[in-house]
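User: Could you take a close look at the surroundings of the ligand for me? Once that is clear, please carry on into the fold around it, with angles and contacts where you have them.

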Amino acid sequence: MTNEVYQWGHRRRFNSYTEHIRKTFGGRMQKVVVDAGFTCPNRDGTKGVGGCTYCNNDAFNPSYCNPVEPLHSQIAKGISFHLVRYRKASKYLVYFQPYSNTYASLPRLKELYEEALDYPNVAGLVIGTRPDCVDKGILEYLRQLSKRVYIQIEYGIESCFDKTLERINRQHNFDLSKQVIHQTHNLGIKTGAHFIFGLPGESEEEMLSYVELISGLPLDSVKFHQLQIVQGTRMEQEFNEKPDDFFQFTLEGYISFIVKFLERLNPSVVIERFSGEIPPRFMASSDINAAGNVGVQNPRMQPPSWGLIRYDAVLRLIEKELERQNTWQGKFYM
Ligand code: SF4
């Protein structure tokens, strides 16, 4: 930690979401994930079938989420789940996370969002969705709602390159993402975006070039994930067939990449995550093997596993490296 207070109002070397939320709400806020039983147009045949090649939502869904349970019961379970790990938060944000959480009729969305907001001490919603799953009516409703409670939309953008979006079967292009981000921001709704580093066919230089595109977008917050190959996905098969098409970050390489990325990133963008973690049981088998278990077959077919390192540890390594290099988010942003 430095003595300098950066333009985001604290001493951490990046514009941290945790600090941002603390400042916004004046205290601790816990996100509670719910599964409202949505699907996605890239799975039900409207846009495509089979989904994005890396997708297996079960890998990202906490164990306490079950779409057959009413939202209030999922929220209650989520709160108890977090209580075991963290001290009690005074307020909660309900996070509609799995699949595309604006993919339903407006009356149905209103019913679900209002039900979540009805739970005691829920201060707002975070809604994960695809850029092609919102329209004027939905955004206008969310704009109205955002006057009353905290509303953040989190768009899965994943890559800034159309060649990649096509390869991973996203069924939308980057232009659409840009348009929708502008539209959402112009309505005064908090706008977040999610990106994946390490998608097939992208070099490290190409990934680094995202930074200018992201910095130029009116985004309030971003989440970054390294590519994690999930068991049973089409991407697992693709990786096994063409491992050389994947830029595989070692943990050290990823930290150094993130530091370079941060130095060029617009300092006004709040960063929610730098990497992802999926439960080991969902990792592609070659990845688990590389984590030190038995059964390694062909070393060329393995991503260089980061082992079972947790997110907090990755974050500490990034902050340590920022400190070591005496650098910070936006140092070279122009
Ligand atoms: S848009 Fe999301 S839910 Fe739909 S297939 Fe892609 S990753 Fe899965």
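Analyst: Happy to! In this predicted model, the ligand has 11 residues around it, and those that come nearest are Cys40, Asn42, Gly51, Cys52 and Cys55. Sorted by class, the shell holds five polar residues, four nonpolar ones and two charged ones.

From there, let's turn to the sheet. It is an open sheet of seven strands, arranged in the order 1-2-3-4-5-6-7, with parallel pairing. The edges are taken by strand 1 (29-34) and strand 7 (270-273); each has a single partner strand, so one side of each has no neighbour in the sheet. Going from one strand to the next, the twist averages 25 degrees. As background, strands of a sheet pair through backbone hydrogen bonds, in either a parallel or an antiparallel way.

One pair is worth zooming in on. Strand 5 (residues 190-197) and strand 6 (residues 221-226) run parallel and are joined by six bridges. Within this pair, alanine 193 has valine 222 of strand 6 opposite it.

Helices pack on this sheet too. Helix 2 (residues 71-85) touches strand 1 and strand 2 (91-96), and its direction makes about 130 degrees with that of strand 1. Helix 6 (residues 174-186) touches strand 4 (150-158) and strand 5, with its direction at about 170 degrees to that of strand 4.

Now for helices that meet each other. Two packed helices are described by the angle between their axes and by the distance between those axes. For helix 3 (residues 106-117) and helix 4 (residues 136-145), the axes come within 10 Å and cross at roughly 25 degrees. Angles under 35 degrees count as roughly parallel, and therefore helix 3 and helix 4 are roughly parallel to each other. The crossing of helix 3 past helix 4 is right-handed. On the helix 3 side, Leu106, Leu109, Lys110 and Tyr113 take part, meeting Gly137, Ile138, Tyr141 and Leu145 of helix 4. By class, this contact has six nonpolar residues, one polar and one charged.

A second pair is formed by helix 10 (residues 251-264) and helix 12 (residues 311-324), whose axes also come within 10 Å but cross at roughly 60 degrees. That angle makes helix 10 oblique to helix 12. Helix 10 passes helix 12 in a right-handed crossing. Ile255, Ile258 and Val259 of helix 10 make the contact with Leu317, Ile318, Glu321 and Leu322 of helix 12. Here the classes come to six nonpolar, no polar and one charged residues.

Notes: Residues are numbered from 1 along each chain as its sequence is written. This is a predicted model: local features need pLDDT of at least 70, side-chain atom pairs count only at pLDDT 80 or more; totals for chains, interfaces and linings use all residues. A residue is near a molecule or strand if its C-beta atom, placed from the backbone, lies within 6 Å of it. Ala, Val, Leu, Ile, Met, Phe, Trp, Tyr, Cys and Pro count as nonpolar, Asp, Glu, Lys and Arg as charged, and the others, Gly among them, as polar. Two strands pair if DSSP finds at least two bridges between them. Helices (H or I, at least four residues) and strands (E, at least two) are DSSP runs, numbered from the N terminus. Axes are lines fitted to C-alpha atoms, for helices over the stretch in contact, and angles run from 0 to 180 degrees between N-to-C directions. Two residues are in contact if their C-beta atoms, placed from the backbone, lie within 7 Å. Angles under 35 degrees count as roughly parallel, over 145 as roughly antiparallel, 65 to 115 as roughly perpendicular and the rest as oblique. A crossing is left-handed if the near helix is turned anticlockwise from the far one by less than a right angle, and right-handed if clockwise.
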